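Student: Could you take me through one part of this model closely, namely how its side chains pack and pair in the interior, and then relate that part to what surrounds it?

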Amino acid sequence: MRRRRGKEAVTEPSKRDAVASRVQAVLPAIREAADRIEATRALPGALLDRLFDAGLFRLLLPRALGGAELHPCDLFAAMENVAAADASVAWCLAQASGCSMAAAYLEPSAAASVFGNSRAVLAWGPGRGEAEPVAGGYRVRGVWNFASGGRHATWFGGRCTVAGADPARAVTLLFPREDVVLTDTWDVIGLRGTGSDRYAVTDLFVPEAFGFAPDYTLVPEPDTPRFAGGTLYRLPAQSVYGCAFAGIALGIARGAMDAFSTLARDKAPRGGAPTLREDAVAQYEFGRAETRLRAARALVLESANRLWDDVARDGHYTADHRIAIRMAVTHAIHEAKDAVGAVYHAAGTTSVFASQPFERRLRDANTVTQQLQGRLAFFQLIGQHLLGLEPDLRLV
């Protein structure tokens, strides 16, 4: 049974419907740009204009800054629909939306400086940075990687250790695009359009107001200072990211499943059934894949709704909540990859052509599994927790 969402800060139906409508309106432009995105490894300017005009980079930004402040289930649905059209676009939107949750932990004036422009995009990734305390802020140097969407970002962030701090501590600092050296390292097999490059800064002064203490994955404690109310900013952002990326994986699979359904109506396999849809093996593989996708989708939505409802009611989350989301997300990503693989093989030689809608989705789905959210090692942590041990939850 689907749990009723908490009342405190749920996306209002009008705003939720408006976001869904804007997503639907931009899907044709995303499909049309897909080949160019793949070839140039970036989102084209005309498409970016459409995405910015639709507010799709601001889905998790606080309402006070013009954001939608979406419920994770609504974010999941939006990313699922976009990824069915093009996974790289969905990945850039999801990453930028997750990063924008940082606005809740910044002083309002700093948050307005970063996100006040309607075309603002914050990008970041893992790496090593050092921040030396100086009057009014920090001197920063560092190198970070996997800055998805960095080629159209206006701000970047980096997690830094604070030099000389005792006890040791870290801070995430934000700096403008013009202060960053971006290096093209994103020559990959899938999610090619995300432009997840390396970036660096050297001896850069960053005012103290442009930093926050929670980990870059934003796992806030109940007493973490925040400048935006609402349930969304009391959730572990890694769990919110997870919902988005599970939606992307399942959206890739949905695109492949729909393409196979269309192909199967007309394709006549050599030496087999009159049409592919009448082939017994194809029927089995398609039915099994669809069942597994629906089950995976239901588990993500159930876990996300439970997290939201309980935090809205109690004001905090538990390790059980984080494990439940991690279980659902990791499972969904791998079920989606398997579903894409199943229809790729069932489509026969059709699937190997770049002009067909299977080959790219196979590469994208497998690339999603190689990212943090898809790590199979998470199942070990899940097992440890379920068996009464205390796993390392830093990335959960």
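Tutor: Contact here means heavy atoms within 4.5 Å. The model is a predicted one, and the part I would look at closely is the surroundings of Met79. Leaving aside its neighbours within four places in sequence, Met79 is in contact with Leu59, Ala90, Leu93 and Ala94, and also with Ala244, Gly247 and Ile248. Met79 belongs to the largest nonpolar core, which has 125 residues, and together with Leu51 it is named as having the most contacts inside that core. Helix H6, residues 237–266, gives the largest share of this core, with 18 residues. Apart from this core lies another, of five residues, among them Phe378, Leu381, Ile382 and Val396.

From packing we can turn to charge pairing, of which a search of the whole structure finds 24 cases that count as salt bridges. In one of them the side chains of Asp74 and Arg16 meet, with 3.8 Å from N to O. Because Asp74 lies in helix H3 (residues 72–85) and Arg16 in helix H1 (residues 13–40), this pair ties together parts that are 58 residues apart in sequence. The two partners are not equally covered by the chain: Asp74 is buried, with a relative accessible area of 11%, whereas Arg16, at 25% relative accessibility, counts as partly exposed.

A second salt bridge joins Arg119 to Asp49, and here the closest N and O atoms are 3.0 Å apart. Since Arg119 sits in the loop between helix H5 (108–115) and strand S1 (122–124), while Asp49 is in helix H2 (residues 45–53), the pair ties together parts that are 70 residues apart in sequence. Arg119 counts as partly exposed at 36% relative accessibility, and Asp49 counts as partly exposed at 33%.

A third salt bridge brings together the side chains of Asp197 and Arg151, at 2.7 Å from N to O. Asp197 lies in strand S7 (residues 197–207) and Arg151 in the loop between strand S3 (137–147) and strand S4 (155–162), so this pair ties together parts that are 46 residues apart in sequence. Asp197 is buried, with a relative accessible area of 2%, whereas Arg151 counts as partly exposed at 30% relative accessibility. Elsewhere, salt bridges that share partners join Asp35, Glu38, Asp187, Arg192, Glu359, Arg360 and Arg363 into one network.

The loop that holds Arg151 leads to the strands on either side of that loop, S3 and S4. Strand S2 (residues 127–134) runs antiparallel to S3 and is joined to S3 by eight bridges, and within this pairing the bridge partner of Pro133 is Tyr138 in S3. S2 and S3 form a hairpin with two residues between them, and Gly136 in the turn has a positive phi of about 85 degrees. Strand S2 is also joined to S4, by two bridges, and these two strands run parallel; there, the bridge partner of Ala131 is Val162 in S4.

One last kind of link remains to be considered, and the search of the whole structure finds zero disulfides. Cys92 is in no disulfide, and the nearest cysteine sulfur, that of Cys99, is 11 Å away. Cys92 counts as buried at 1% relative accessibility, and Cys99 is buried as well, with a relative accessible area of 0%.

Note on methods: Residues are numbered from 1 along each chain as its sequence is written. This is a predicted model: local features need pLDDT of at least 70, side-chain atom pairs count only at pLDDT 80 or more; totals for chains, interfaces and linings use all residues. Side-chain values use heavy atoms; hydrogens and water are left out. A nonpolar core is a set of buried Ala, Val, Leu, Ile, Met, Phe, Trp, Tyr and Cys residues joined through side-chain atoms within 4.5 Å. Buried means under 20% relative accessible area, exposed over 50%, partly exposed in between (1.4 Å probe, protein chains only). Helices (H or I, at least four residues) and strands (E, at least two) are DSSP runs, numbered from the N terminus. A salt bridge is a side-chain nitrogen of Lys or Arg within 4 Å of a carboxyl oxygen of Asp or Glu. Two strands pair if DSSP finds at least two bridges between them. A disulfide is a pair of cysteine sulfur atoms within 2.5 Å.
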